[in-house]
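Welcome, and thanks for taking a look. Please have the viewer open while you read the briefing that follows.

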Amino acid sequence: MGTATPAAAADEGRKACFADAKRLCPAQVKAFNRKAAEACMIQRIDETSPTCHAKMLAIRDQRMAKQQPSHRD
C-alpha cells in the first residue's frame, strides 16, 4: 500500500493546486476562470507547493508547445 496509483497522484496534485490557487490567485478562483487561474499560477510558479509545482510545469510546457509555430516545408 506504499505506492499511489496514477489517478490518486493526479487527484493529490489537483487538490494541492486548488489550495495554492485559492491562496495565490483568489480573484481568478472566485471568478471560476480556469485559464486565468492557470496563467496566474504559472506567473507565481515559484510560490506553489512542491506537488503543485510539477503539475504547473507540465501545464506551462503544454501551453508553450501550443504557441510554437509548426515548421512545415
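Cys25 and Cys40 form a disulfide, with their sulfur atoms 1.9 Å apart. Please keep in mind that this is a predicted model. The structure holds 2 disulfides, and the other one joins Cys17 and Cys52, whose sulfur atoms are 2.2 Å apart. The points below start from these links and then turn to the core, helix 4 and a few individual residues.

**The link of Cys25 and Cys40**

- The torsion about the S-S bond of Cys25 and Cys40 is -90 degrees, and the link is left-handed.
- Cys25 sits in the loop between helix 1 and helix 2 (26-30), while Cys40 belongs to helix 3 (residues 34-43), so this disulfide ties together parts that are 15 residues apart in sequence.
- Cys25 is buried, at 1% relative accessibility.
- Cys40 also counts as buried, with a relative accessibility of 9%.

**The link of Cys17 and Cys52**

- About the S-S bond of Cys17 and Cys52 the torsion is about 110 degrees, so this disulfide is right-handed.
- Cys17 is part of helix 1 (residues 6-24) and Cys52 is part of helix 4 (residues 50-67), so the pair ties together parts that are 35 residues apart in sequence.
- Is Cys17 buried or exposed? Its relative accessible area is 9%, and Cys17 is buried.
- Cys52 has a relative accessible area of 0%, which makes it buried because the cut-off is under 20%.
- Leaving out residues up to four places away in sequence, Cys52 touches Ala16, Cys17, Asp20 and Met41.
- How are the bonded cysteines of the protein chain paired, numbered in sequence order? The pairing is 1-4, 2-3.

**The nonpolar core**

- The largest nonpolar core has 13 residues, and those with the most contacts inside it are Cys25, Met41, Cys52 and Met56.
- Helix 1, helix 3 and helix 4 are the elements that give two or more residues to this core.
- Which helix gives the most to this core? Helix 1 does, with 4 residues.

**Helix 4 and its two sides**

- Helix 4 has 18 residues, which at 1.5 Å a residue should span 26 Å; its end C-alpha atoms are 26 Å apart, so expectation and model agree.
- Cys52, Met56 and Ile59 are buried in helix 4.
- These buried residues cover an arc of only 60 degrees around the axis, which puts them on the same side of helix 4.
- An α-helix has 3.6 residues a turn, so residues three or four places apart point the same way.
- Pro50 and Ala65 are exposed on the other side of helix 4.

**Asp20, a buried residue of helix 1**

- Asp20 is located in helix 1, and with 6% relative accessibility Asp20 counts as buried.
- The side chain of Asp20 reaches the backbone nitrogen of Ser49 at 2.7 Å.
- Apart from neighbours within four places in sequence, Asp20 is in contact with Cys25, Met41, Thr48, Ser49 and Cys52.
- Both disulfides are represented in this picture, as Asp20 is in contact with Cys25 and Cys52, where Cys25 is bonded to Cys40 and Cys52 to Cys17.

**Thr48, in the loop between helix 3 and helix 4**

- Thr48 is placed in the loop between helix 3 and helix 4, and Thr48 counts as buried at 10% relative accessibility.
- A polar atom of the Thr48 side chain lies 2.7 Å from the backbone oxygen of Ile45.
- What does the side chain of Thr48 make with the side chain of His53? The two side chains make a polar contact, at 3.4 Å.
- Not counting residues up to four places away in sequence, Thr48 touches Asp20, Arg23, Leu24, Met41 and His53.

**Arg63, facing helix 3**

- Arg63 is found in helix 4, and Arg63 counts as partly exposed at 24% relative accessibility.
- With residues up to four places away in sequence left out, Arg63 touches Lys35, Glu38, Ala39 and Ile42.
- Arg63 and Ala39 are 24 residues apart along the chain, and their C-alpha atoms are separated by 9.7 Å.

Methods:
Residues are numbered from 1 along each chain as its sequence is written. This is a predicted model: local features need pLDDT of at least 70, side-chain atom pairs count only at pLDDT 80 or more; totals for chains, interfaces and linings use all residues. Side-chain values use heavy atoms; hydrogens and water are left out. A disulfide is a pair of cysteine sulfur atoms within 2.5 Å. Buried means under 20% relative accessible area, exposed over 50%, partly exposed in between (1.4 Å probe, protein chains only). A nonpolar core is a set of buried Ala, Val, Leu, Ile, Met, Phe, Trp, Tyr and Cys residues joined through side-chain atoms within 4.5 Å. Contact means heavy atoms within 4.5 Å. A polar contact is a pair of N or O atoms within 3.5 Å; within protein, one must be able to donate a hydrogen and the other to accept it, and residues adjacent in sequence count only if both atoms are side-chain atoms. The expected span of a helix is 1.5 Å times one less than its number of residues. The arc is that of the directions from the helix axis to the C-beta atoms.
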